[in-house]
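Here's a quick briefing to read with the model open in your viewer. Grab a coffee and click along as you go.

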Amino acid sequence: MSVTAVKTAYDRVFNFSAGPCTLPVEVLEEIRDDLMNYKGKGMSVMEMSHRSKEFMDILDETLETFRRVFNVPENYKTFFMQGGATLQNTAHAMNLLGEGVGDYVVTGYWGKKTSQQAPLVGECKVIYDGKPHNYSEVPDLTKLDYSPNASYVHWVSNETIHGVEFKSDPDLPVTSVCDMSSNIMSRPVDVSKYAMIYAGAQKNMGPAGATLVILREDLLARTPEPFHPMLSYKAISDNGSMFNTPPCFAIYVCGLVYKWVKKEGGLTAIQKRNEAKAKVLYDAIDASAGFYAGHAKADCRSNMNVTFQLPTEELLSTFVKEADAVKLNGLKGHRSLGGIRASIYNAFPLEGCQVMAEFMADFAKRNG
Ligand code: PMP
């Protein structure tokens, strides 16, 4: 093997995990520095009362920074919930379905999972399923046949496992509900095109435990009453994410990550960087004369999760093992698709993609 491990800060690996995943080193350093005594308060954020002024300030600043960086219009609420994006895969239906039909677009594993959970709430219809091409492309959402009495359409902007991504914000004729867990904050988004966006924190925003919901204000009226408050968008929003003890530490880290995104130049700069990183890996696939087979069709290749197959299972397992030895960590694809998945979220460095591309070329040369 001619590729050798490069020197990295703190001897960290290039962490290609799909989430939880790599966080910015500056953010980790700030957490470390705050851990024993947060800003002279004599304790860490983990140890603070969630009702204390210190924590309330953290929560307010976190949501305010997010709203500014993500350009959230005034008529949208933003709040944190728990239960991961998986809870939202059902909670959106519990809150928004009403008497109508929930339309579902299935472009991969997470769209499928959601379309299986939501019918437990009420009438749902899958209006698109990419199974025939094994979820390697995405449809034009403006051209689908929506149910005449659709309460909303649910779709997934980036399929984390299959590595297919919608590249723009479609103007849909129905209430648009989007699971943006794996590409939120990877590019500027026109929030006004959406009725609801939700995302688990553990890819582009922070550690697992917090889930962000962005909801157009008028939709709060759809939550049935009476309703279990921990599942109610109205109750959580009315109580400012504080109906019960929120995931304080995860929220604090999200706040640091939002500030980091701002410092890095905001979402336009982050998008440019993400496109450059993804190009390095897709170019490596395309330059391999078919040794590596990319899963996604060219026009919907994800900038967050790069998925490809190797010629045999044996080569796949050697690839993963040899990659790990040169600090290229967490590359094994999800069991449902197999192959390799290189997740390169916002905090993943360009250098890691360059080392990976070099490794891929070298591996193909030795095994092709
Ligand atoms: N939706 C998408 C697009 C995801 O990538 C994931 C997690 N990988 C989920 C939902 C589920 O998230 P959680 O584990 O936070 O419930």
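What follows is a tour by topic, from the ligand site to the backbone oddities. Keep in mind that this is a predicted model.

**The ligand site**

- Start with the ligand, which is surrounded by Gly84, Ala85, Thr86, Trp110, Val156, Asn158, Thr160, Asp179, Ser181, Gln202 and Lys203.
- Two polar contacts involve ligand oxygen atoms: one is 2.5 Å from an N or O atom in the side chain of Thr86, and there is a 3.3 Å distance between a ligand oxygen and a polar backbone atom of Ala85.
- On the nitrogen side, a ligand nitrogen sits 2.6 Å from a polar side-chain atom of Asp179.
- How much of the ligand's accessible area does the protein cover? Of the 400 Å² that the ligand has on its own, 84% is covered by the protein.

**Strand β9 and its partners**

- Strand β9 (196-200) is worth a look: five of its five residues are buried.
- Both faces are covered, with Met196, Tyr198 and Gly200 buried on one side and Ile197 and Ala199 buried on the other.
- β9 runs parallel to β8 (residues 176-179), and three bridges join the two. To find the register, look for Cys178 opposite Ile197.
- With β10 the sense flips to antiparallel, over five bridges. Here Met196 has Leu215 as its bridge partner.

**Asn204, in the loop after β9**

- Move on to Asn204, in the loop between β9 (196-200) and β10 (211-216).
- Is Asn204 buried or exposed? Its relative accessible area is 4%, under the 20% cut-off, so Asn204 counts as buried.
- Its side chain makes two polar contacts with backbone atoms: the oxygen of Ile184 at 2.9 Å and the nitrogen of Asn346 at 2.8 Å.
- Leaving aside neighbours within four places in sequence, the contacts of Asn204 include Ser182, Asn183, Met185 and Ser186. Val257, Met304 and Tyr345 are also in contact with Asn204.

**Helix α2**

- Helix α2 (residues 53-70) has 18 residues and spans 25 Å from its first C-alpha to its last, close to the 26 Å expected at 1.5 Å a residue.
- Plenty of side chains to click on here: Phe55, Ile58, Leu59, Thr62, Leu63, Thr65, Phe66, Arg67, Val69 and Phe70 are buried.
- Which elements cover those buried residues? Among them are β2 (76-81), β9, β10, α6 (248-263) and α7 (266-286).
- Right after α2 comes Asn71, with a positive phi near 60°.

**The β11-β12-β14 sheet**

- Three strands form an open, antiparallel sheet in the order β11-β12-β14. β11 and β14 (340-343) are the edge strands, each pairing on one side only.
- Four bridges link β12 (residues 305-309) with β14, and in β14 the bridge partner of Phe308 is Ile340.

**Backbone oddities**

- As background, most residues other than glycine have a negative phi, and most peptide bonds are trans. The cases below go the other way.
- The peptide bond from Gly19 to Pro20 is cis, with omega near 0°. Pro20 belongs to the loop between β1 (14-15) and α1 (25-34).
- A cis peptide bond also runs from Glu225 to Pro226, with omega near -5°. You'll find Pro226 in the loop between β10 and α5 (233-238).
- Asn134 isn't a glycine, yet its phi is positive at about 50°. Asn134 is in the loop between β4 (124-129) and β5 (150-156).
- Which exposure class does Asn134 fall in? With a relative accessible area of 38%, between the 20% and 50% cut-offs, Asn134 is partly exposed.
- Ala289 has a positive phi too, near 55°, and lies in the loop between α7 and β11 (293-294).
- Ala289 is exposed because its relative accessible area, 79%, is over the 50% cut-off.

Definitions and conventions. Residues are numbered from 1 along each chain as its sequence is written. This is a predicted model: local features need pLDDT of at least 70, side-chain atom pairs count only at pLDDT 80 or more; totals for chains, interfaces and linings use all residues. Side-chain values use heavy atoms; hydrogens and water are left out. Buried means under 20% relative accessible area, exposed over 50%, partly exposed in between (1.4 Å probe, protein chains only). A polar contact is a pair of N or O atoms within 3.5 Å; within protein, one must be able to donate a hydrogen and the other to accept it, and residues adjacent in sequence count only if both atoms are side-chain atoms. Contact means heavy atoms within 4.5 Å. The expected span of a helix is 1.5 Å times one less than its number of residues. Two strands pair if DSSP finds at least two bridges between them. A residue is near a molecule or strand if one of its heavy atoms lies within 4 Å of it. Accessible areas come from the Shrake-Rupley method with a 1.4 Å probe; for residues, only the protein chains shown count as cover.
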